[in-house]
Amino acid sequence: MTISNLETAPVLTIGDVTVTRVVESVGSIGMTPEQFFPGTDPAAWTGGADQLRPHFLESDGDTVLSSTARVAMQTWVLRSGGKVILIDTCVGNDKDRPDVPSWSQLQTEFLGRLAAAGIAPQDVDVVVNTHLHADHVGWNTRLVDGVWVPTFPNAEYLLPAKDLDFWNPASGNSTIMGEGAHTVWADSIMPVFDAGQATAWSGQHRIDKALTLEAAPGHTPGASIVRLSSNGEEVLFVGDTLHSPAQVHDVHTSSCFDEDPATANATRERIFPEAAEKGLTMFPAHFGGHGGFKVSKSDSGSGPLFTVSEWAPLVAI
Ligand SMILES: [Zn+2]
């Protein structure tokens, strides 16, 4: 993995693929560790505090446990085989999010930052929504003359079929995200179907020679990851498989946003050992700081199962 600076955006090169991080926002989610990760072992936070501050915990609390978690909203921009692929599309502008006031009616310069990375909306070939939460589908669409239209007019949008079934308001499912999820469906999902740009996938989906979508359920039923494998180098974009380095130590630490914590635990139990064994960098959707990390597995029976062994060579945010 090599790093270079292209215009304003730092770029990683992995095999024949370049990776650029385009940030919508970074800051406090307004939740303490106990609120974000109910039932979590306080030792996971206090013991790992030096890894958590300042990039993963705000410095607004007297103690680690009274600080609030810090998260990034960002899109991973991949250039692969002559195509531009976006992984997740943040919160978006002008969206009505009654359950999450801080995400409602946002006005950010996200598209300007994408342009600074050399990407105009019409340049995007593929949009991946790792799952269908509001903070992963927002820039799927934008408001033009009062109508939600696809932000990326030439892109194929890849959406997990299981999430489409689960989040469709017609399904009548009860979810931990409440009624507000209905607005996400109407303003960020349906318009890309109406435009004929959406593809539902299940199981596994090959995007191109280097990129594969794989199921990683638990956070949501259709939650997924992207495996980048090119010229002998391999990394994983793990979406919301985890939200904080505090979850690295004990993979059985679920966030309050995991629809099915037991399945989310099982997914981390599957992915982490592979990442440790192969030395794969994992890039979660919401890690600020250096954005990605490698893990090593502990042999000791008593200590944490995994530790962060190396951060990705991206400028910390
Ligand atoms: Zn998320």
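This passage walks through the zinc site, the largest pocket, some strands and a few single residues of a predicted model.

Because the model is predicted, local features are reported only at pLDDT of at least 70 and side-chain atom pairs only at pLDDT 80 or more, while totals for chains, interfaces and linings use all residues. Residues are numbered from 1 along each chain as its sequence is written, and side-chain values use heavy atoms, with hydrogens and water left out.

The zinc ion makes a good starting point. Its protein donors are Asp135 (OD), His136 (NE2), Asp240 (OD) and His286 (NE2), and they lie 2.1 to 2.2 Å from the ion. A donor here is an N, O or S atom within 2.8 Å of the metal (3.2 Å for Na, K and Ca); water is not among the atoms, so a site may look incomplete. The angles among the four donor atoms run from 81 to 166 degrees, and the site is classed as irregular. That label is what remains when other shapes fail: four donors are tetrahedral if all angles lie between 85 and 135 degrees, while four are square planar and six octahedral if opposite donors are over 155 degrees apart and all others between 65 and 115.

Along the sequence, the donor residues follow the spacing D-H-x103-D-x45-H. His136 sits in helix H5 and Asp240 in the loop between strand E14 (233-239) and helix H8 (246-249), so this pair ties together parts that are 104 residues apart in sequence. Helices (H or I, at least four residues) and strands (E, at least two) are DSSP runs, numbered from the N terminus. Both His136 and Asp240 are buried, where buried means under 20% relative accessible area, exposed means over 50%, and partly exposed falls in between (1.4 Å probe, protein chains only).

Asp135 turns up again in the largest pocket: together with Met73, Val100, Trp103 and Phe257, Asp135 is among the residues nearest the pocket's centre, out of 35 that line it. Strand E3 (17-28), strand E4 (70-80), helix H5 (134-137) and helix H7 (181-194) are the elements that each give two or more residues to this lining, and E3 provides the largest share, with five. The pocket holds about 650 Å³ of space. To find such spaces, a 1 Å grid is laid over the protein atoms alone: a cavity is a set of points where a 1.4 Å probe fits but cannot get out, whereas a pocket is an open set with protein on both sides within 12 Å along at least five of seven lines, and lining residues have an atom within 4 Å of a point. Points are joined across faces, edges and corners, and the volume is the space filled by probe spheres set on them. By residue type, the lining splits into 21 nonpolar, nine polar and five charged residues. In this split, Ala, Val, Leu, Ile, Met, Phe, Trp, Tyr, Cys and Pro are nonpolar, Asp, Glu, Lys and Arg are charged, and the others, Gly among them, are polar.

Next come the strands. E14 pairs with E15 in the parallel sense over four bridges, pairing being called when DSSP finds at least two bridges between two strands. In this arrangement Gly239 stands opposite Pro284 of E15. Strand E15 (residues 281-284) points Thr281 and Phe283 one way and Met282 and Pro284 the other, yet all of these are buried.

Strand E12 (residues 211-215) has four of its five residues buried, so the rest of the structure largely encloses it. On one hand, E12 runs antiparallel to strand E11 (residues 204-206), joined by three bridges, and the two form a hairpin with four residues between them. Arg206 stands opposite Thr212 here. On the other hand, E12 pairs with strand E13 (residues 224-230), again in the antiparallel sense, over five bridges, with Leu213 opposite Val226.

Finally, a few backbone oddities. Most residues other than glycine have a negative phi, and most peptide bonds are trans. The bond from Arg53 to Pro54, however, is cis, with omega near 5 degrees, and Pro54 lies in the loop between helix H3 (49-52) and E4. Asp88 has a positive phi near 70 degrees and is buried at 3% relative accessibility. Asp145 also has a positive phi, near 50 degrees, but is exposed, with a relative accessible area of 80%; its place is the loop between strand E7 (141-144) and strand E8 (147-150).
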